Amino acid sequence: MLLSLVLHTYSMRYFLPAAVMMGTAPTYVLAWGAWRLLSALLPARFYREVDDRLYTLYQSMVLFFFENYTGVQVIIYGDLPKNKENVIYLSNHQCTVDWIIADMLAIRQNALGHVRYVLKDGLKWLPLYGWYFSQHGGVYVKRSAKFNEKEMRDKLQAQVKAETPMYLVIFPEGTRYNPEIPKVIADSQSFAEKEGLAILKHVLTPRVKATHVAIDTMKDYLDAVYDVTVAYEGTVDHKGQRKLAPSMTEFLCKECPRVHIFIDRVELKDIPEEQMYMRRWLHERFEIKDKLLIEFYDAKDSKRRNKFPGKGVHSKLSLKKTLPSLLFLGGLTASMLLTESGRKLYVKTWIYGTLIGCLWVSIKP
């Protein structure tokens, strides 16, 4: 009986935020869709500005759960500017929570609505979200030989032409670093050795194509590149071996006490333009990440473990940034579900919104 109660309580820690975040999605899509139609007769910049505000509204609610609800401590190192900028955000990739880390930094610069992702192509089929991410400026890409450079370049050029604020998130590794799948790590290290590149321990060998296209296309529009290294505390076992980073479920169940984020702001003039040279530059940036993570996980001096070099600042996110969004979207969704017509509209939005979205992304990139 006691065990059942404990398991039930544990599952509720995840179920509540998941239910709210997923449950408010149709409400959000309806609000966005209404604005999309209304703005058709207005200059494009009006649509974009309100879309960014709507995105801020939803993602602020998401951050309520990932920061305020979990009580995780966010420790920031390095040079995160206070003001918003047009940037490309390059990060190591370990788990689905990495997407939220970009939001954590962006909201601290009042740039949350400007976050746009380079995503793997399969994610475009996500119900509601897959379609919307594309509409918000996200770029879906295929890996290796199937990578469509022209498609990505055209979409980014359109964003630059429209003067769209840009906080473009890219994970150059192309897939997650997962210590439970050693073959992926071994293949990555084997490729690096074959190409005469340094072998990396805590990150995978980065792929340069998406990064090169993004920087090359927007170089005259960007203010900087943010080189971000993320480490989740508690991801080493008793033998000192690296464990799997927390999933969204585990994170929401408050299983990660602290997230450490190291930011290095890189000037565009310090990045080579030719792809072959940029590839070497990108690998060198990942060598730096690897050294940071070796220090974080493997330092012989225990006092130097679980921290990055330099001064770390505990950055607490105010409830004023997140709670109003939760109350607004939650209240709007609850009021819709109180009436029969509202419930029908809610269900139809899930069904038809998903179908229309899948049809749209199958036709348009």
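Which residues make a nonpolar surface patch of about 490 Å²? That is the topic of the first of these close-ups, which come from a predicted model.

**View 1. A nonpolar patch on the surface, with Val-347 as one of its members.** The patch is made by Val-347, Ile-351, Tyr-352, Leu-355 and Ile-356, and its area comes to about 490 Å². If you want a place to start looking, try Val-347, which is found in helix 12 (residues 340–363). Val-347 has a relative accessibility of 45%, so it counts as partly exposed.

**View 2. Inside the largest cavity.** Just one cavity of 30 Å³ or more turns up in this model, and it holds about 90 Å³ of space. The elements that give two or more residues to its lining are helix 2 (25–38), helix 3 (44–69) and helix 5 (129–135). Going round the wall, you meet Ala-25, Tyr-28, Val-29, Tyr-55, Tyr-58, Gln-59, Leu-128, Tyr-129, Tyr-132 and Phe-133. By class, that lining has nine nonpolar residues, one polar residue and no charged ones.

**View 3. The second largest pocket, at about 590 Å³.** Here the lining runs to 22 residues. Look to the middle for Arg-36, Ser-134, Gln-135, Lys-155 and Gln-159, the lining residues that lie nearest the centre of the pocket. Helix 3, helix 5, strand 4 (139–141) and helix 6 (149–161) each bring at least two residues to the wall. What is the mix of classes in the lining of this pocket? Eight of the residues are nonpolar, seven are polar and seven are charged.

**View 4. Asp-121 and Lys-124, a salt bridge between buried residues.** The structure holds 20 salt bridges, and this close-up shows one of them, with the closest N and O atoms of Asp-121 and Lys-124 3.4 Å apart. As a general point, side chains of opposite charge can pair when their charged atoms come close. Are the two partners, Asp-121 and Lys-124, buried or exposed? Asp-121 is buried, and Lys-124 is buried too.

**View 5. Asp-298 meets Lys-201 in a salt bridge.** The closest N and O atoms of this pair are 2.9 Å apart. Asp-298 lies in helix 10 (residues 275–298) and Lys-201 in the loop between helix 7 (182–194) and helix 8 (209–218), so the salt bridge ties together parts that are 97 residues apart in sequence. Asp-298 is partly exposed, with a relative accessible area of 25%. Lys-201 is also partly exposed, at 43% relative accessible area.

**View 6. Lys-219 and Glu-273, a salt bridge within a network.** The side chains of Lys-219 and Glu-273 meet at 3.5 Å, N to O. The pair links distant parts of the chain, 54 residues apart. Lys-219 sits in the loop between helix 8 and strand 6 (224–232), while Glu-273 is in the loop between strand 7 (258–266) and helix 10. As for cover, Lys-219 is partly exposed, with a relative accessible area of 31%, whereas Glu-273 is exposed, with 53%. Pan out a little and you can pick up the rest of the network: salt bridges that share partners join Glu-149, Arg-153, Asp-216, Lys-219 and Glu-273.

Technical notes. Residues are numbered from 1 along each chain as its sequence is written. This is a predicted model: local features need pLDDT of at least 70, side-chain atom pairs count only at pLDDT 80 or more; totals for chains, interfaces and linings use all residues. Side-chain values use heavy atoms; hydrogens and water are left out. On a 1 Å grid over the protein atoms alone, a cavity is a set of points where a 1.4 Å probe fits but cannot get out, and a pocket is an open set with protein on both sides within 12 Å along at least five of seven lines; lining residues have an atom within 4 Å of a point. Grid points are joined across faces, edges and corners, and a volume is the space filled by probe spheres set on the points. Helices (H or I, at least four residues) and strands (E, at least two) are DSSP runs, numbered from the N terminus. Ala, Val, Leu, Ile, Met, Phe, Trp, Tyr, Cys and Pro count as nonpolar, Asp, Glu, Lys and Arg as charged, and the others, Gly among them, as polar. Patches are made of residues with over 30% relative accessible area and no salt bridge: like charges are joined within 9 Å, nonpolar side chains (Val, Leu, Ile, Met, Phe, Trp, Tyr) within 5 Å. Accessible areas come from the Shrake-Rupley method with a 1.4 Å probe; for residues, only the protein chains shown count as cover. A salt bridge is a side-chain nitrogen of Lys or Arg within 4 Å of a carboxyl oxygen of Asp or Glu. Buried means under 20% relative accessible area, exposed over 50%, partly exposed in between (1.4 Å probe, protein chains only).
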